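Reader: I would like to learn how to read a structure such as this one, feature by feature. Where should we begin?

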Amino acid sequence: MTNQVRGVIARSVNAPVEVVTINVPDPGPGEALVQVQACGVCHTDLHYRDGGINNDFPFLLGHEAAGVVEAVGPDVTEVAPGDFVILNWRAVCGQCRACKRGEPQYCFNTHNAKQKMTLEDGNELSPALGIGAFADKTLVAAGQCTKVDPSAPATVAGLLGCGVMAGLGAAVNTGGVHLGQSIAVIGCGGVGAAAIAGSRLANAAKIIAIDIDDRKLENAKQFGATHTINSKGLGVDDVVAAIQELTDGNGADVVVDAVGRPETYKQAFYGRDLAGTVVLVGVPNPELTLELPLIDFFGRGGALKSSWYGDCLPSRDFPMLIDLYLQGRLPLDKFVSEEIGIDDIEAAFTKMHSGDVLRSVVVL
């Protein structure tokens with residue numbers, strides 16, 4: 001049986017998105033059909049629309065979502081119909097070399113639904129990050145569904161599916177920031193704000209927010225920033241000096257680059273303490289390059305890391321973070337700037353460009 005539902009697609013590079021009818025198959029072996037309740041509008045969706053990921057148009061956009069499992073295919077044990085779930089793009093295989101060495105958060109063989117969702121004419125859709133959740137229903141691998149407490153609203157729970165988990169995990173999982181340490185976060189959009197919120201959860205002593213937009217710096221204080229630096233017009237050395245001034249002249253124990261540009265990475269590299277940690281979570285343009293003296297890599301020591309999906313394990317992290325939200329310790333609701341309808345996604349992309357929102361969330 002095929003389910004006909006509304007979905008938001010991108011047909012070609014830079015063309016406005018469209019709301020169309022799509023065909024969603026009933027789940028086969030290892031698959032789950034999910035009724036989507038809410039889905040955040042993420043920069044990654046914009047990258048798909050603009051051709052920045054690949055050219056497998058048409059795309060079914062949306063991936064930062066939560067909803068209820070409607071049906072499951074044969075051999076599915078992870079979830080059952082009626083479960084409230086957050087969708088994730090890391091369905092752990094359990095068999096690859098990362099999984100076998102006890103590091104499933106790095107699974108090298110994550111997978112998606114085998115069946116394809118299509119347009120009415122049968123043209124196959126490419127779901128964003130293997131999810132495609134700007135739709136009333138979507139078909140995913142059952143391992144892409146993580147069951148959480150249904151007391152949490154879908155509008156906030158879904159944010160853990162991408163941006164919030166990426167930022168929070170970059171600070172806590174990848175950077176390992178902990179009690180009493182200092183951390184600087186460069187770029188205070190949704191991902192950077194989440195890194196700040198995670199640092200507060202970890203009881204970091206100093207949390208330094210860095211951005212060129214005073215509005216984002218004010219928001220950063222709501223998530224736990226203890227100090228702010230407006231870096232507009234400042235050179236790398238100026239930003240480094242400002243970080244050092246706030247950390248007894250030493251630099252931060254951990255610096256998270258949530259922008260992903262050569263100049264911000266240099267700020268992070270030199271703005272950390274000796275033997276400190278740099279975490280790159282902002283996704284760079286593939287054409288960007290970085291040049292640094294090799295002696296500085298040796299002489300400063302420490303660790304230089306990139307963070308994929310906040311190095312999260314959804315089955316471990318999502319339920320825990322939802323519990324923290326329900327206890328009032330993780331302010332997920334503060335990330336939601338507006339709730340919108342499925343017809344308002346193109347306008348949400350425009351607001352994203354102008355920095356007017358942390359997250360627009362589509363309610364379905």
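Author: Begin with a definition: two strands pair if DSSP finds at least two bridges between them. Keep in mind that this is a predicted model.

Reader: What holds the strands of a sheet together in general?

Author: Strands of a sheet pair through backbone hydrogen bonds, and the pairing is either parallel or antiparallel. In this structure, five strands form an open sheet in the order β7-β2-β1-β4-β8, and the pairing is mixed. The edges are β7, residues 118–119, and β8, residues 126–127, each of which pairs on one side only.

Reader: How many bridges join β2 to β7, and do the two strands run parallel or antiparallel?

Author: Strand β2 covers residues 18–25, and two bridges join it to β7, with the strands running antiparallel. To find the place on the model, look for Ile22, which stands opposite Leu119 in β7.

Reader: Glu18 is in that numbering range too. Which residue forms a salt bridge with Glu18?

Author: The cut-off to know is 4 Å, between a side-chain nitrogen of Lys or Arg and a carboxyl oxygen of Asp or Glu. The partner of Glu18 is Arg11, and their closest N and O atoms are 2.7 Å apart. Glu18 is partly exposed, at 29% relative accessibility, and Arg11 is partly exposed as well, at 41%.

Reader: How many salt bridges does this rule give?

Author: The count is 14. Among them is the one between Glu103 and Arg101, with 2.6 Å between the closest N and O atoms. Glu103 has a relative accessibility of 28% and counts as partly exposed; Arg101, at 49%, is also partly exposed.

Reader: Which residues are linked in a network of salt bridges?

Author: Arg49, Asp50 and Glu346 are linked in this way. Within that group, the side chains of Asp50 and Arg49 meet at 2.9 Å, N to O. Asp50 is partly exposed at 28%, whereas Arg49 is buried, with 10% relative accessibility.

Reader: Why is Arg49 called buried?

Author: The word applies under 20% relative accessible area. Arg49 has 10%, so it counts as buried.

Reader: Can the idea be carried over to a whole helix? Why is α8 described as largely enclosed?

Author: Helix α8 spans residues 262–271, and seven of its ten residues are buried, so the rest of the structure largely encloses it. The buried residues are Pro262, Thr264, Tyr265, Gln267, Ala268, Phe269 and Gly271. Their cover includes the strands β11 (182–186), β14 (252–257), β15 (272–280) and β16 (303–306), along with the helices α7 (236–245) and α9 (294–300).

Reader: Where does Gly187 lie?

Author: Gly187 is in the loop between β11 and α5, the latter being residues 190–201. With a relative accessible area of 9%, Gly187 is buried. Leaving aside residues up to four places away in sequence, Gly187 touches Gly192, Ile210, Asp211, Ala258 and Val259. For a sense of distance, Gly187 and Asp50 are 137 residues apart in sequence and 22 Å apart in space, C-alpha to C-alpha.

Reader: Now a pocket. What is the volume of the second largest pocket?

Author: Its volume is about 170 Å³. The lining has 14 residues, and those closest to the centre of the pocket are Glu78, Gly143, Cys145, Thr146 and Ser315. Two elements give two or more residues to this lining, β10 (145–147) and α10 (314–326). The most comes from β10, with three residues. By type, the lining of the second largest pocket has seven nonpolar, four polar and three charged residues.

Reader: What should I look for in the backbone itself?

Author: Look for exceptions to two habits: most residues other than glycine have a negative phi, and most peptide bonds are trans. In this structure, the peptide bond that joins Phe57 and Pro58 is cis, with omega about -5°. Pro58 is in the loop between α1 (43–49) and β4 (59–60).

Reader: Is Asp248, with its positive phi, buried or exposed?

Author: Asp248 is not a glycine, yet has a positive phi of about 55°. The residue lies in the loop between α7 and β14 and counts as exposed, at 66% relative accessibility. Tyr309 also has a positive phi, about 60°, and lies in the loop between β16 and α10. Tyr309, however, is buried, with a relative accessible area of 3%.

Key: Residues numbered from 1 in each chain as written. Predicted model: local features only at pLDDT ≥ 70, side-chain atom pairs only at ≥ 80, totals over all residues. Heavy atoms only, no water. Helix = DSSP H or I, 4+ residues; strand = E, 2+ residues; numbered from the N terminus. Buried < 20%, exposed > 50% of the residue type's maximum accessible area, 1.4 Å probe, protein only. Contact = heavy atoms within 4.5 Å. 1 Å grid on protein atoms, 1.4 Å probe; cavity = no way out; pocket = protein on both sides within 12 Å on 5 of 7 lines; lining within 4 Å. Points joined across faces, edges and corners; volume = space filled by probe spheres on them. Nonpolar A, V, L, I, M, F, W, Y, C, P; charged D, E, K, R; others polar.
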